[in-house]
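Here is a structure to look over, with a few plain questions about how its labels are earned. Have a look first, then read on.

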Amino acid sequence: MKKKITLLIPTKNEESNIRACILSAKHIVDEVYIVDSFSTDKTVELAQELGAQVLSRQFDNYSNQKNWAIEQMPSEWILLLDADEQLTPELEREILTLIEQDKLNEYDAYWVYRKNFFFNREIKYSGYQKDKVIRLFKKDLSRYTNRVHECLQVKGTMGFLSNKLFHNTYRGFDFHIAKLSRYASLQAEDYNKKTGKLTGYHFIVKPGMRFLKHYIVKQGFRDGVPGLILSSLNAYATFLRYVKLWMLRNNINN
């Protein structure tokens, strides 16, 4: 028996990505929803042109946004994609085969590995070698935790899909820096409860260790200049987290 699947995409000003994201999965889902954080570009219009239904909600954090949307979904199964992700044709066929052969229910959720691109180049190292996410799952057994780098908790069995998900995280350098700043602001609130007095260790040593982890241990040097930039950005993200925490504790506005 065919299992109903709803495609769910969280959005905020994703007009450059939304069409490709929806079209990559449209043949294997029964309905398409976006949960939009009041986009000011053509995201909503483009999604509606492709038959998507639109839910609007003011963004507070990543987990709450997705969990709220999950509760609104009408089907047993959810395929949740970020707007900068796309099913490859191979992955689409794999999921379609599970549906047609009535094997989707063998597990309650599925891990999928991602093929990541940055600066229009595939990143094969730099800590992304085994990057995987849960993107196909049963609605009633799955909810997100963590406010920033949200993690899906599934009360059930886990399977793995064989083919990879396309993920192009780069939309311009300034956009990427702004994204890191937003993450750091949310992280500062979380780290405020578990971080003691801020010292040079937080501002110098931890970012340095983060760089070495991605560039040396995770072999970022093998990705060339993009790997060097990514490793540096990961170090900067760590530094920025503690800058934002210091600002929060000293009542300094962004």
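**How the labels are earned**

This is a predicted model, where local features need pLDDT of at least 70 and side-chain atom pairs count only at pLDDT 80 or more, while totals for chains, interfaces and linings use all residues. Residues are numbered from 1 along each chain as its sequence is written, and side-chain values use heavy atoms, leaving out hydrogens and water.

Q: Why is N120 called exposed?
A: Exposed means over 50% relative accessible area, buried means under 20%, and partly exposed is in between (1.4 Å probe, protein chains only). N120 has 67% relative accessibility, so N120 counts as exposed. N120 sits in the loop between β6 (109-118) and β7 (121-122), and N120 has a positive phi of about 60° although it is not a glycine.

Q: And why does Q219 count as partly exposed?
A: Its relative accessibility is 27%, so Q219 falls in between and counts as partly exposed. You'll find Q219 in the loop between α6 and α7 (224-249), with a positive phi near 65°.

Q: What makes R57 and D60 a salt bridge?
A: A salt bridge needs a side-chain nitrogen of Lys or Arg within 4 Å of a carboxyl oxygen of Asp or Glu. The R57 and D60 side chains meet at 3.1 Å, N to O, so the pair fits the definition. R57 is at 19% and so counts as buried, whereas D60, at 33%, is partly exposed.

Q: How far apart in sequence are the parts that K138 and D108 tie together?
A: K138 and D108 form a salt bridge at 3.1 Å, N to O. K138 lies in strand β8 and D108 in the loop between α4 (89-100) and β6, so the pair ties together parts that are 30 residues apart in sequence. K138 is buried, because its relative accessible area is 14%, and D108 is buried because its value is 14%.

Q: How do you know that β4 and β8 pair?
A: Strands are DSSP runs of E, at least two residues, and helices are runs of H or I, at least four residues, numbered from the N terminus. Two strands pair if DSSP finds at least two bridges between them. Strand β4 (residues 77-80) and strand β8 (residues 132-138) have 3 bridges, in the antiparallel sense, so they pass. In this pairing, I78 stands opposite F137 in β8.
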